[in-house]
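Let's take a walk through a protein structure together, one piece at a time. Keep the 3D view open as you read, and turn it whenever a new part is named.

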Amino acid sequence: MLQLESMVEKLKATFYNSVDFVAREISFPKDQYAILCYYSSMANAKDVQDIVNVLKMQTIFNEKDWDSTTATQKESYDLEKLVEYVCQGYAVLLLLNSQQMVSFTMPNLPHRTPDEPTNEAILRGAHEGFIEDVDVNLGLVRKRMRVPDLIVKKITVGIDNKADIYYFYLARFANQDNLADLERKLQGMKDQADGLYSSGQLNDFIEDSPYSPFPQIMNTERPDRVFANLTEGKIVIMTDYSPTAFITPVTLFSFYQSPDDYNSRVIVGSFYRMVRVVSFLTAVYLPAFYIAIVSFHYEVLPIELSKKLKLDISEIPYIPLIEALIVEIIIELIREASVRLPKSLVQTIGIVGGLVVGDVIINAGLVSNMVVIVVALTAISSYVVPSVELNTSVRVLRFPFMFAAAFFGFFGIVIGLLLLNIHLCNLNSLKSPYFFPLVPFTPNRMGQILFRGKHTKSNVQPSSFDPEEKKM
C-alpha cells in the first residue's frame, strides 16, 4: 500500500497538484493495485466509471482480452505517455503489479453546435459551420462526400504543448507535388511550432510568401465550401483547436467565388462574380485616381465637373492626400470599433461615425464632399469580397497607391500597378501559380474568372488552377 500511496503522490506532483487532476486508488480483480487518473474538467466521471466497471467484469470472467473495448488501449507503463494521454482528455488506469496502463479514449471537451458562421453568411444553401471539434468537422465533410478515397492524415507538432494538425484530400484529384510540398512543410513544423493557438501561426509555416499582402491560403468555416474545393483537387488543413479550415493551393480569383454563385441561377451567379472582380479594382484604385485627378490631371474631367470640384476643395487647408487619409483612417477606426464592441452597440457606433462625425468634418471644412463619396464607395467595394483575409489585404493595398498618386499622378499609379502585377506573377501557393489563369495564360480557363458556367457534369474536375486534368 505504501508503494500505491507514493505513486499517487508522484502523479499528483507530476501534474503540479492541479485541483482538477484526479488520481485515486481503485480496487481491481486479481489482487491488482490500480490507480485511475484523469482531468475532471476534460473527462466525464460517469463515463470513466462505466468503462472501469466493464474492465472489472471482463477480468473477473478471465477473458483473454479483458482490456479490449472500442474505447481502450493497453500498453506498457510510460510516465511521459501517461501525461500526454491525460492532457488530451483521456483517462488512464495504471496497473502497478504488471506495470501496464490502459487509456480510455473519452475526452468530454466543451464545444458548440455547428451553426452557420457569422463571417460567411449566405442567402441559400446549407447553414452549417465548423466548430472547435475536429471529429465533428470531419463528420460534416464526410456527410457530404461519401467516397472511400477521401484520405485524412494527422501530424502532431510541438514539443511541450503539442497540437494535432489534420489534412485531407481526394486521392483521385490531389496533385502529388502539392501534397509532398505540404507534408514537407508540416514535418518542418514538428520542432518549431510549439504552442499553436491561432490560425495565423499555421499560415506563417505553410505559405510560400508570408510577407506578401495577398493570402495564399483560403480560410473558411463552411463544409460546403470545403467540399467544392476538395473536388477541385485542393488540400484542406484543420486543427483540433479552431473551426477554421485552410484550403490550399488557391489562386487570387478563388477568393472571389462564393457558395452563393452555385446556389443561384447561372446568369445571377455570373453577374455577382463580375461585380466582385470589379469591386477589387474600385477598392484599390478609386482613392488613388481621385488624388491623381485633383492634384495633377483636372483636364480628364468635364469642364463643369472640374469647376465644381475645384470650388469644393479650394477651401480645404491641406493637400488631397491628407484629406483622403483623414477619411480613410476614420473609416478604419469605425470598422475596428464595430468589430470589438458588443453587438448591441455596433449600430450606435455606425450612427455616430457615419452621420455625426462625417457631417461635422465636412461642415468644419476639414474634408470635401467628394472625398467622402470616394472613400465611402471604396469601403463598400472592399466589403463585397466574400473572403475576410483578402478583404483586409485590399484595404491595406490602397494606401501605397494613394501615396504614389499624390507624388506622381497617373504615372505613379501605373508604376504601382506594374509592380503589383510583377508580384502577383511571381507569387505561388504550394508552388502552384497564384495568378492563374492569367499567368500562365490559359485562354480556356479565362471565362471562370467572371462567369459561372452551367454545372451539369459532376464527374469532371472544375479546377481553378489545373494541377492535372483528371476525371473521376
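What follows is a short tour of a sheet, two cysteines and a surface patch. Please keep in mind that this is a predicted model.

Let's begin with the sheet. It is an open sheet of five strands, in the order β1-β2-β4-β5-β3, and the pairing is antiparallel. Which strands stand at the edges? They are β1 (21-28) and β3 (72-76); each has a single partner strand, so one side of each is left without a neighbour in the sheet. Neighbouring strands are also turned against each other, by 20 degrees on average if direction is ignored.

Now follow the pairings across the sheet. β1 and β2 run antiparallel and are joined by eight bridges. Within this pair, alanine 23 stands opposite cysteine 37 in β2. On the next step, β2 and β4 pair in the antiparallel sense over four bridges, and here isoleucine 35 stands opposite leucine 94 in β4. Leucine 94 also stands opposite methionine 101 in β5, so you can use leucine 94 as a stepping stone from isoleucine 35 to methionine 101. The pairing of β4 (residues 91-95) with β5 (residues 100-104) is antiparallel too, with five bridges.

Take a moment to look at β2 (residues 32-39). Seven of its eight residues are buried, so this strand is largely enclosed by the rest of the structure. Cysteine 37 fits that picture: its relative accessibility is 0%, so it counts as buried.

That cysteine brings us to a second topic. How many disulfides does a search of the whole structure find? The search finds zero. Why does cysteine 37 have no such bond? The closest cysteine sulfur belongs to cysteine 87 and is 11 Å away, which is too far for a bond, because the two sulfur atoms of a disulfide must lie within 2.5 Å. Cysteine 87 is likewise in no disulfide. Its surroundings can be described as well: with 43% relative accessibility, cysteine 87 counts as partly exposed.

Finally, move to the surface. Phe403, Phe407, Phe408, Phe411, Ile415, Leu418, Leu419 and Ile422 form a nonpolar patch there, and together they have about 850 Å² of accessible area. Where do these residues come from? Helices α14 (388-408) and α15 (410-426) each supply at least two of them. α15 gives the most, with five residues. Leucine 418 is one patch residue to find in the view, and it lies in helix α15.

Key: Residues numbered from 1 in each chain as written. Predicted model: local features only at pLDDT ≥ 70, side-chain atom pairs only at ≥ 80, totals over all residues. Heavy atoms only, no water. Patch = residues over 30% accessible without salt bridge, like charges linked within 9 Å, V, L, I, M, F, W, Y side chains within 5 Å. Areas by Shrake-Rupley, 256 points an atom, 1.4 Å probe, with all protein chains shown as cover. Salt bridge = Lys/Arg side-chain N within 4 Å of Asp/Glu carboxyl O. Buried < 20%, exposed > 50% of the residue type's maximum accessible area, 1.4 Å probe, protein only. Pairing = 2+ DSSP bridges. Axes fitted to C-alpha atoms, helices over the stretch in contact; angles between N-to-C directions.
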